[in-house]
Amino acid sequence: MIQSKHCDLCEHPKRDLKNGLTCSLTNEKPDFKITCPDILLDKIFQEKLENVNMELKRLNEMKSKKYWTFYLLIAIGFLLIIGNEFYTDITLSKNIMRWKFRASAIGAGITILIFAYSKLNRFRTKLKASELEKTKIDSVLEKYGIEYEMNIEYKEKVHGNQNVKITTEYKNWTKKRTTTPCIINC
């Protein structure tokens, strides 16, 4: 069991280079088996829970756009690589110009393919990292019997900032419902 998952959500962790992770209440390293009797889930927990869910929702909403962009760029790249002979025969009459154009088109096509793949790969890496972080938080909350439902509403955009209202309803926790207004940069 990795106790640091619990401590990352708690208000009591103390970290330093000499001792590593310790509890500020007991000044001892965490040594509980399943759940910590002294855990205090409050502001840090709520902030991490809201941030990871908001990021995951934002990434999932962008998912189809990212994949369509990828497919479009792949099509353009392959058209430049494969179809350049057709275009050079129609537009250019000199052999030297034809080969320069073909080489440029193939280079541009390969560059577009590499760009498309790297852009999609970066997006998928972010998405997997957000899903993993949410899974870690949810697994800790499951041990304490805490369930939640989160509603994220995007409000108006003002000067490049997005107003967001996050409403979270909890089951089996001291708080029943929280509402957090926040502003994110777009």
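What span should the 40 residues of helix H2 have at 1.5 Å a residue, and how far apart are its end C-alpha atoms? The expected span is 58 Å. The end C-alpha atoms are 56 Å apart, which agrees. The model behind these values is predicted.

## Overall layout

The chain has 186 residues, and 28% of them are buried. Its secondary structure comes to 4 helices and 5 strands. Along the sequence the pattern reads α-β-β-α-α-α-β-β-β.

Contacts can be sorted by sequence separation. Take the contacts in the chain with a separation of 6 or more: 59% of them come from residues 24 or more positions apart.

## Helix H2

H2 covers residues 43-82. A kink of about 40 degrees is centred on Lys63. The end-to-end distance of 56 Å still agrees with the expected 58 Å.

Several residues of H2 are buried, among them Phe45, Gln46, Leu49, Glu50, Val52 and Asn53. The buried set also includes Met54, Leu56, Leu59, Phe70, Leu73 and Gly77.

## The nonpolar core

The largest nonpolar core has 16 residues. Leu41, Phe45, Leu49, Leu141 and Tyr170 have the most contacts inside this core. H2 and helix H4 (95-143) each supply at least two of its residues.

Phe45 is one of the buried residues of H2. Leaving aside residues up to four places away in sequence, Phe45 touches Leu9, Glu11, Leu141, Tyr170 and Trp173. Leu141 and Tyr170 appear again here, as they are listed with Phe45 among the residues with the most contacts inside the core.

## Helix H4 and Ala129

Ala129 lies in helix H4. Is Ala129 buried or partly exposed? Ala129 is partly exposed, because its relative accessible area of 47% falls between the cut-offs of 20% and 50%.

Ala129 can also be placed relative to Val52. The two are 77 residues apart along the chain, and their C-alpha atoms are separated by 9.8 Å. Val52 is among the buried residues of H2.

## Aromatic pairs

The count of aromatic pairs comes to 4. One of them is Tyr67 with Tyr71. A pair of aromatic rings is described by the distance of the centres and the angle of the planes. For Tyr67 and Tyr71 the values are 6.4 Å centre to centre and 40 degrees between the planes. The pair counts as tilted, because 40 degrees is neither under 30 degrees nor over 60.

Both tyrosines lie in H2, 4 residues apart, about one turn of the helix. Tyr67 is partly exposed at 24% relative accessibility. Tyr71 is partly exposed at 48%. Ring pairs also link Tyr67, Trp68, Phe70 and Tyr71 into a cluster. Phe70 from this cluster is buried.

## The E1-E2 hairpin

Strand E1 (residues 13-16) and strand E2 run antiparallel, joined by 4 bridges. They form a hairpin with 3 residues between them. Asp16 has Gly20 in E2 as its bridge partner.

Thr22 sits in E2, which covers residues 20-23. Thr22 is buried, because its relative accessible area is 6%, under the 20% cut-off. Beyond residues up to four places away in sequence, Thr22 touches His12, Pro13, Lys14, Asn27, Glu28, Lys29 and Pro30.

## The loop after E2

Asn27, one of the contacts of Thr22, lies in the loop between E2 and H2. What is the phi of Asn27? It is positive, about 55 degrees, although Asn27 is not a glycine. Most residues other than glycine have a negative phi.

## The E3-E4 hairpin

Strand E3 (residues 147-158) and strand E4 (residues 161-171) run antiparallel, joined by 10 bridges. E3 and E4 form a hairpin with 2 residues between them. His159 in the turn has a positive phi of about 55 degrees.

Which residue in E4 is the bridge partner of Glu147? The partner is Lys171. Tyr154 stands opposite Val164 in E4.

Terms used
Residues numbered from 1 in each chain as written. Predicted model: local features only at pLDDT ≥ 70, side-chain atom pairs only at ≥ 80, totals over all residues. Heavy atoms only, no water. Buried < 20%, exposed > 50% of the residue type's maximum accessible area, 1.4 Å probe, protein only. Contact = heavy atoms within 4.5 Å. Expected span 1.5 Å × (residues − 1). Bend = angle between axes of the 7 residues up to and from the residue. Core = buried A, V, L, I, M, F, W, Y, C linked by side-chain atoms within 4.5 Å. Pairing = 2+ DSSP bridges. Phe/Tyr/Trp six-rings, centres within 6.5 Å; stacked < 30°, edge-to-face > 60°.
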